[in-house]
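Here are some comments for a colleague who will be looking at the coordinates alongside this text. Please read them with the structure open.

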Amino acid sequence: MDDHDPPTIHERGDITTLRATVAAYLTPDERALIERAFVYASAAHAGKTRYSGDPYIVHPLGAAHRLAELQMPAVMIAAGLLHDVV
């Protein structure tokens with residue numbers, strides 16, 4: 001990405017793309033698990049930024065989206081969102 005490219009959804013910490021990806025293959029209950037994990041991870045990382053200045057949630061959200069693109073189970077996607085919470 002150069003200085004003229006707009007930030008991607010993952011760089012803004014937006015869950016919209018992840019929601020669309022998992023809607024194609026997960027049940028409503030499984031999607032609810034991912035939503036809860038996102039809310040928890042977002043709260044745990046609130047106010048924290050990465051060295052780049054991006055919100056900290058950007059990396060876990062990106063990891064979760066990559067897992068969703070591979071159509072991994074909901075628990076794995078939730079783990080992707082939560083892996084930096086500790």
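The numbered points below go from the overall fold to the helix pairs and then to individual residues.

1. The coordinates come from a predicted model, and what follows should be read as a description of that model. The protein chain contains five helices and zero strands, so that its elements, taken from the N terminus on, run α-α-α-α-α. Of the 86 residues in the protein chain, 29% are buried. Among the contacts in the protein chain with a separation of 6 or more, 61% are between residues 24 or more positions apart.

2. The helix pairs deserve a closer look, and two quantities serve to describe them: two packed helices are described by the angle between their axes and the distance between the axes. For α2 (residues 16–23) and α4 (residues 58–69), the axes come within 9 Å and cross at roughly 20 degrees. Because angles under 35 degrees count as roughly parallel, α2 is classed as roughly parallel to α4. The crossing of these two helices, α2 and α4, is left-handed.

3. Which residues in α2 and α4 meet? On the α2 side they are T17, L18, T21 and V22, and on the α4 side they are L61, A64, H65, A68 and E69. Sorted by class, this contact of α2 with α4 comprises five nonpolar, three polar and one charged residues.

4. T21, which lies in helix α2, can be followed in both its local and its longer-range surroundings. Leaving aside residues up to four places away in sequence, T21 touches H65, A68 and E69. Within α2, a polar atom of the T21 side chain lies 3.0 Å from the backbone oxygen of T17, and T17 is itself among the α2 residues that meet α4.

5. The pairing of α2 with α3 (residues 28–44) has a crossing of roughly 160 degrees, with the axes coming within 10 Å. Since angles over 145 degrees count as roughly antiparallel, α2 is roughly antiparallel to α3, and the crossing of α2 and α3 is right-handed. Here L18, R19, V22 and A23 in α2 meet R31, I34 and E35 in α3. By class, the contact of α2 with α3 has four nonpolar, no polar and three charged residues. L18 and V22 are named in this contact with α3, and both are also named in the contact with α4.

6. For α4 and α5 (residues 74–82), the axes come within 7 Å and cross at roughly 160 degrees, which makes α4 roughly antiparallel to α5. This crossing of α4 and α5 is right-handed. The residues that meet are P60, L61, A63, A64, L67 and A68 in α4, together with M76, I77, G80 and L81 in α5. The class count for the contact of α4 with α5 is nine nonpolar, one polar and no charged residues. L61, A64 and A68 take part in this contact with α5, and these residues of α4 also meet α2.

7. The loop between α4 and α5 holds Q71, whose backbone merits a check. Most residues other than glycine have a negative phi. Q71, although not a glycine, has a positive phi of about 55 degrees. Is Q71 buried or exposed? With a relative accessible area of 53%, Q71 is exposed, because the cut-off for that class is over 50%.

8. Three further residues link parts of the chain that are distant in sequence. A78 lies in helix α5 and is buried, with a relative accessible area of 6%. The C-alpha atoms of A78 and L33 are separated by 7.0 Å, although these residues are 45 residues apart along the chain. Not counting residues up to four places away in sequence, A78 touches both L33 and A37.

9. F38 lies in helix α3 and counts as buried at 12% relative accessibility. The C-alpha atoms of F38 and I77 are 9.8 Å apart, for a pair that is 39 residues apart along the chain. E30 is also placed in helix α3, but is partly exposed, with a relative accessible area of 30%. From E30 to P73 the C-alpha to C-alpha distance is 8.3 Å, and these two residues are 43 residues apart in sequence.

Note on methods: Residues numbered from 1 in each chain as written. Predicted model: local features only at pLDDT ≥ 70, side-chain atom pairs only at ≥ 80, totals over all residues. Heavy atoms only, no water. Helix = DSSP H or I, 4+ residues; strand = E, 2+ residues; numbered from the N terminus. Polar contact = N/O pair within 3.5 Å; in protein donor to acceptor, adjacent residues only side chain to side chain. Contact = heavy atoms within 4.5 Å. Axes fitted to C-alpha atoms, helices over the stretch in contact; angles between N-to-C directions. Parallel < 35°, antiparallel > 145°, perpendicular 65-115°, else oblique. Left-handed = near helix turned anticlockwise from the far one by under 90°. Nonpolar A, V, L, I, M, F, W, Y, C, P; charged D, E, K, R; others polar. Buried < 20%, exposed > 50% of the residue type's maximum accessible area, 1.4 Å probe, protein only.
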